[in-house]
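Student: Please give me a close look at one part of this structure, namely the parallel strands and the helices that link them. I would also welcome an account of the chain in which they sit.

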Amino acid sequence: MTDPGGEQAAPCVKVLLAEDQGMMRGALALLLNLEDDMEVVAQVSAGDEIVRTALEARPDIALLDIELPGRSGLDAAAELREALPSCKVLIVTTFGRPGYLRRAMEAGASGFLVKDGPVEELAAAIRRVLAGERVIDPGLAAAALSAGPNPLTQRERDVLTASVDGATVADIAGKLHLSQATVRNYLSGAIGKTGTRNRMEAARTARQNGWL
């Protein structure tokens, strides 16, 4: 790419946006496209569209929300890092929960920002990530250190997730292909580890900490 003066311009950073709120996604795309060195080359509204779209568009960086239809941004981040290692991942979300930060780092994300800053900060974070830095919201980093690691096993997380919306033990057992006794054991373990009185409180506490 050459500018009007004949000098070689810096290559344009190709960005993929994954955000389920159309107005937010459109605003972010518009603002990032105003940056001289950035271009939003793909936009998706669901988590299960991320990897396929990235393989087609070949972005340099993917900005992923967490709570997306179809698949969470955290799950998609891990698959994207496996399928397209050249693409950096930056989590940009409303939900600044300590457990989410830990899971994002485990999934191979290069950064984690909360959606409460100006777009200039986001653009600067994108440049820093592409320069090899890890960018993490400082307040969230401190909260994650004080919160400690996720105490729940994967199966305990599974049964808590399946228990929302009033699902019975039999419902959960059928969905996860487990016996009802096993489901009760996992629920009991999750309740004990979260220091709560029942599975609804356990699920609420786990969600507030970003463990689910």
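Tutor: About 10700 Å² of the chain is exposed, and carbon and sulfur atoms supply 51% of that area. The model is predicted. Of the 212 residues in the chain, 44% are buried. Along its principal axes, the C-alpha trace spans about 75 × 35 × 30 Å. The chain holds 10 helices and 6 strands. Among the contacts with a separation of 6 or more, 61% join residues 24 or more positions apart. The chain carries 23 positive and 28 negative charges, whose mean positions lie 10 Å apart.

The part you ask about may be followed from strand S4. Strand S4 covers residues 88-93 and runs parallel to strand S5, residues 111-114, with 4 bridges joining the two. One of the residues involved is Leu90, whose bridge partner in S5 is Gly111. The connection from S4 to S5 includes helix H4, residues 98-106, and the three elements make a right-handed β-α-β unit.

Strand S5 also pairs with strand S6, residues 135-136; these two strands run parallel and are joined by 2 bridges. Here Phe112 stands opposite Ile136 of S6. Helix H5, residues 119-130, belongs to the second unit: S5, H5 and S6 make a β-α-β unit that is left-handed. Strand S5 thus takes part in both units, with S4 and H4 in the right-handed one and with H5 and S6 in the left-handed one.

Key
Residues are numbered from 1 along each chain as its sequence is written. This is a predicted model: local features need pLDDT of at least 70, side-chain atom pairs count only at pLDDT 80 or more; totals for chains, interfaces and linings use all residues. Side-chain values use heavy atoms; hydrogens and water are left out. Two strands pair if DSSP finds at least two bridges between them. A crossover is right-handed if, with the strands pointing away from the viewer, the path from the first strand over the helix to the second runs clockwise. Buried means under 20% relative accessible area, exposed over 50%, partly exposed in between (1.4 Å probe, protein chains only). Contact means heavy atoms within 4.5 Å. Accessible areas come from the Shrake-Rupley method with a 1.4 Å probe; for residues, only the protein chains shown count as cover. Lys and Arg count as positive and Asp and Glu as negative; His and the chain ends are not counted. The place of a charge is taken as NZ of Lys, CZ of Arg, CG of Asp or CD of Glu.
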